[in-house]
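Q: I have a new structure open and I'd like to learn how to read it. Could you walk me through it, one feature at a time?

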Amino acid sequence: MTMVCLNDFEEYARQHLSKATWDYYEAGADDCCTRDDNLQAYKRIRMRPRILRDVSINDTRTSVLGMEISFPVGIAPTAFHCLAWHEGELATARATETVNTCYIASTYSTCSVEEIAAAAPNGYRWFQLYLYRDRKLSEQIVRRVEALGYKALVLTVDVPYTGKRRNDIRNQFKLPPHLMVKNFERMFQEQAGSQEEYGIPANTLDPSISWKDVCWLQSLSRLPIIIKGILTKEDAELAVEHGVQGIIVSNHGGRQLDGVPATIDCLPEIMDAVQGRVEVYMDGGIRTGNDVLKAIALGAKCVFIGRPAIWGLAYKGEEGVREILQILHDEFRLSMALSGCRNVAEINRNLIQFSRL
Ligand SMILES: Cc1cc2nc3c(=O)[nH]c(=O)nc-3n(C[C@H](O)[C@H](O)[C@H](O)COP(=O)(O)O)c2cc1C
């Protein structure tokens, strides 16, 4: 089977994963309006290419938080990679190390932060964090990732409660017994048998999370803090005022509040508010190099892919994730060349036809 574009990997995963696993990865909240709009929104954007600019050499490299990466696409934090491929996050970590881009490891990984670091010792990694009612739990994991050389903390702020994903309820989705949220192995033992939600005891996340907790996190760690899940200029402004180092414009792949805009549609107002004071990244619905180009043109420093990495895993583990990244890289480079951009710095808002938006 020749894999030409990311949709081919999606189709493969749809056919080869169990129904409950596929449903879990595919899920959006409620009617899935936002999940689907994340993809559609890119298709509404038209570009204004420049010509005759000698695009015989294209440089796709960029940097995030001062670290050079091979192109502006990283891996968003997604849970439970071992459901898609037996080596799980170890394969993802190795693939991103080879491609030289950024991997945001999820709290809900089925391999531990230690195992991930050991699998790809030279990989560039950030760690995605949730805040737990038991702050000691959050504190312990922060200490561990700091010691292991993870380079930033990505605090996910759009999950005070888990969104309603209908098929997971219908399927009574649960991790199979041989898998677990490996980062918390042993920590929840005393609560064994209690009601669980997505691999950890229900009600572990703290819905009282607020900006105070961002300050608390800053007092705990010297790592840069990136807030994931911002969709408005008001919250972007607050994030900058609170001294964070980055923002990920994200609606959690449409899995939380249904009916919020596609992330690419939120980006311009956030860029206008932030005015270059911190780096702004985004995720949601990136499926082609063209999508990447549009997001960078609208101001994102880097984009992250969630579900496509899982399809790559389902296809061929490490090699599959590498292929996904390679295809996106090649498509991005081609789109750059066809639009007259020789390097990432040349990609800017002039590339977007605003009169149609
Ligand atoms: C199956 C799945 C699991 C996810 N798990 C997490 C997670 O553990 N932490 C987190 O911050 N975001 C999580 N997300 C959201 C992703 O980080 C990201 O925002 C989203 O997948 C981007 O959209 P895309 O899948 O269209 O690329 C998850 C998304 C999916 C699809």
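Q: Let's start with a helix. How many residues of helix 4 are buried?

A: Before counting, keep in mind that this is a predicted model. Helix 4 spans residues 89–99, and 9 of its 11 residues are buried, so the helix is mostly covered. The buried ones are E89, L90, A91, T92, A93, R94, A95, T96 and V99.

Q: What covers the buried residues of helix 4?

A: Look for pieces of the chain that touch them. Here the cover includes two strands, strand 3 (73–75) and strand 4 (102–105), together with helix 5 (113–119) and helix 12 (307–338).

Q: Which residue just after helix 4 takes a positive phi?

A: That's N100, with a phi of about 60°.

Q: Which other residues have a positive phi although they are not glycines?

A: Two to look at are D30 and Q275, each with a phi of about 50°. D30 sits in the loop between helix 2 (19–26) and helix 3 (33–44). Q275 sits in the loop that links helix 10 to strand 11 (279–283).

Q: Why is D30 called partly exposed, and why is Q275 called exposed?

A: You count the other C-beta atoms within 10 Å. D30 has 17 of them, which falls between the limits of 12 and 20, so D30 is partly exposed. Q275 has 10, and 12 or fewer means exposed.

Q: Now strands. Which way do the residues of strand 10 point?

A: The general idea is that in a regular strand the side chains alternate between the two faces of the sheet. In strand 10, G246 and I248 point one way, while I247 and V249 point the other way. All four are buried.

Q: How does strand 10 pair with strand 9, and how with strand 11?

A: For each pair, check the direction and count the bridges. Strand 9 (residues 225–230) runs parallel to strand 10, and 4 bridges join them. Within that pair, I226 stands opposite G246. Strand 10 and strand 11 also pair in the parallel sense, over 4 bridges, and there V249 stands opposite M282.

Q: Which helix does the chain cross through from strand 10 to strand 11, and what is the hand of the crossover?

A: The chain goes through helix 10, and this β-α-β crossover is right-handed. Strand 9, helix 9 (residues 233–241) and strand 10 form a right-handed β-α-β unit too.

Q: Let's move on to annotated sites. Where does UniProt place the "active site"?

A: An unreviewed UniProt entry puts that feature at H252. In the model, H252 lies in the loop between strand 10 (246–249) and helix 10 (263–274). Leaving aside neighbours within four places in sequence, H252 is in contact with D158 and G229.

Q: Is H252 buried or exposed, and why?

A: It takes 20 or more C-beta neighbours inside 10 Å to count as buried. H252 has 24, so H252 is buried.

Q: Which residues does UniProt list for "binding site"?

A: The unreviewed entry lists Y24, R165, H252 and R255. They are spread over 232 residues of sequence, yet they cluster in space, with a largest C-alpha distance of 13.5 Å. Take R255, which is in the loop between strand 10 and helix 10. R255 is buried because 22 other C-beta atoms lie within 10 Å. Beyond its neighbours within four places in sequence, R255 is in contact with A27, G28, A29, G163 and R165.

Q: There's a ligand as well. How many residues surround the ligand?

A: The answer is 23, and the closest are A76, T156, G253, G306 and R307. Sorting the shell by class gives 7 nonpolar, 12 polar and 4 charged residues.

Q: One last stop: where does I352 lie?

A: I352 lies in the segment after helix 12. With 18 C-beta neighbours inside 10 Å, I352 counts as partly exposed. To read a long-range pairing, set the gap in sequence beside the gap in space: I352 and L298 are 54 residues apart in sequence but 7.6 Å apart in space, C-alpha to C-alpha. Apart from neighbours within four places in sequence, the contacts of I352 are I45, M47, K294, A297 and L298.

Key. Residues numbered from 1 in each chain as written. Predicted model: local features only at pLDDT ≥ 70, side-chain atom pairs only at ≥ 80, totals over all residues. Near = placed C-beta within 6 Å. Nonpolar A, V, L, I, M, F, W, Y, C, P; charged D, E, K, R; others polar. UniProt positions renumbered as here; feature names shortened; annotations may be inferred. Contact = placed C-beta atoms within 7 Å. Pairing = 2+ DSSP bridges. Right-handed = clockwise from strand over helix to strand, strands pointing away.
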